Amino acid sequence: MKSVSTALLALPAALISLFISSEPAYADLKLCNRMSYVVEVAIGIDDKAATATRGWFRIDPAACRVVAQGTLTADRILLHARALGVYGSSPIPQNGGDTLCIAPDNFVIAAARQCRSGQSPAPFTQVNPTKADDGNLVAYLAEDSEYDDDQARLAGIQRLLVIAGFDAAPIDGVDGPKTQGALAAFLKSRGMTPDIVQTPNFFSMMIDAVQSPSSTGLTWCNDTPHKIMAAVATDDGKAVTSRGWYRIDPGKCLHPDVTGPPKQIFSFAEAVDAENRTIKLKDRALSWGGARELCTRESKFETTEQGDCGTRGFAATGFAAVDLSSGGKTLRFALP
């Protein structure tokens, strides 16, 4: 743990590590994002017998946002964060010690320890902000990489470039010809000028571009009113690797991160409810797959072993082959 103002979000190679505060806060509460992900944050205010939650506050890499204004008296301040669906595989759950209620969209919940219809429980962690130079109280969301602001912003751009199919790896927040070449190619492909990179809403524009169909690679688009979880598999001629899950929100598109030029790509997707249970229509799962049986499991996974799925704790799932002979393929998931 590097400081009392640091919070580590539970994403690949990162864990939440926030700290307890028993002192009331007397200034605006500000959260700053030093991660390579655009995140949405919910806060919890625990004051004596009452606990309220509020969300979502979207924060770009290297950006800060005030999440509570004015004098805030609370026994404890708590935090829950999630990455946007564009990043694919669901983040690892955080290790918070409190379970409070959240809702899928923007919400304010006055009594947040007893979830009602449309709400779901989520882990919250206590946070101890520190006083910043501007007089506000601030806490930082950070990864194990311990990026500074400039590195977090560049790593955030690198991560979205990789998702869009442009080789900006490794995602390390270090600039160089490879990253600049990938960024230039991405901007050209989307009709953007280089100066747009410095605009305040660049991450929003980049995410919108990443979530639109592409002329190269595989694109999933969700034309249903439900959340969709998808898995991809690639055959490089030596082994078939299946990987999931990628979250595709209603009305959004997503490019799974496929490295190299695989010989064959396979796809599977299913619609799920707020509790990630498979949605059924007329007693049949609402899913999109095919005849090629490959291994999956309910939690996040990646495996190159495709035999004896059941004995290894996996399920045999039917994937559909994807034809990329024309350079790109968009699979649109719609209600039957």
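**Entry 1: disulfides**

I began with the bond between Cys295 and Cys309, which form a disulfide with their sulfur atoms 1.9 Å apart. I note at the outset that this is a predicted model, and I read the sulfur distances with that in mind. The angle about the S-S bond is -80 degrees, and the link of Cys295 and Cys309 is left-handed. I then looked up where the two ends sit: Cys295 belongs to strand β20 (residues 292–296), while Cys309 lies in the loop between β21 (301–303) and β22, so that the pair links distant parts of the chain, 14 residues apart. Both Cys295 and Cys309 are buried.

Next I turned to Cys101, which a disulfide joins to Cys115 with an S to S distance of 2.1 Å. This link is also described as left-handed, with -105 degrees about the S-S bond. Cys101 is in strand β7 and Cys115 in the loop between β8 and β9 (120–126), and the two are 14 residues apart. I checked accessibility at each end, and found that Cys101 is buried at a relative accessible area of 0%, whereas Cys115 is partly exposed at 35%. Since the cut-off for buried is under 20%, Cys115 at 35% does not count as buried.

The disulfide I looked up after that joins Cys221 to Cys253, S to S 2.0 Å. Here the angle about the S-S bond is 105 degrees and the link is right-handed. Cys221 comes from strand β12 (residues 217–222) and Cys253 from strand β15 (residues 253–254), 32 residues apart. Cys221 counts as buried at 1% relative accessibility, and Cys253 is buried with a relative accessible area of 6%.

In total I recorded four disulfides in the structure. With the bonded cysteines counted along the chain, the disulfides follow the pattern 1-2, 3-4, 5-6, 7-8.

**Entry 2: the six-stranded sheet**

Cys101 took me to strand β7, and from there I looked up the sheet that holds β7, an open sheet of six strands in the order β7-β9-β6-β3-β4-β8, with antiparallel pairing. I noted that β7 (98–102) and β8 (107–109) stand at the edges, each with a single partner strand, so one side of each is left without a neighbour in the sheet. Neighbouring strands of this sheet are turned by 30 degrees against each other on average, with direction ignored.

Within this sheet I followed one pairing in detail, that of strand β3 (residues 39–47) with strand β6 (residues 76–83), which runs in the antiparallel sense over eight bridges. As a landmark for finding this pairing on the model, I wrote down that Val41 stands opposite Ala81 in β6.

**Entry 3: aromatic rings**

I then went through the rings and recorded nine aromatic pairs in the structure. For Phe268 and Phe319 the ring centres are 5.9 Å apart and the planes stand at 45 degrees, so I entered the pair as tilted. Phe268 lies in strand β16 (residues 264–272) and Phe319 in strand β22 (residues 315–322), so the pair ties together parts that are 51 residues apart in sequence. I found both Phe268 and Phe319 to be buried. Ring pairs link these two residues with Trp245 and Phe301 into a cluster.

My last item was a charge over a ring, where Arg82 lies over the face of Trp56, at 3.7 Å from the ring centre.

Notes: Residues are numbered from 1 along each chain as its sequence is written. This is a predicted model: local features need pLDDT of at least 70, side-chain atom pairs count only at pLDDT 80 or more; totals for chains, interfaces and linings use all residues. Side-chain values use heavy atoms; hydrogens and water are left out. Rings of Phe, Tyr and Trp (its six-membered ring) pair if their centres lie within 6.5 Å; planes under 30 degrees apart count as stacked, over 60 as edge-to-face and the rest as tilted. Helices (H or I, at least four residues) and strands (E, at least two) are DSSP runs, numbered from the N terminus. Buried means under 20% relative accessible area, exposed over 50%, partly exposed in between (1.4 Å probe, protein chains only). A charge sits over a ring if NZ of Lys or CZ of Arg is within 6 Å of the ring centre and within 35 degrees of the ring normal. Two strands pair if DSSP finds at least two bridges between them. Axes are lines fitted to C-alpha atoms, for helices over the stretch in contact, and angles run from 0 to 180 degrees between N-to-C directions. A disulfide is a pair of cysteine sulfur atoms within 2.5 Å.
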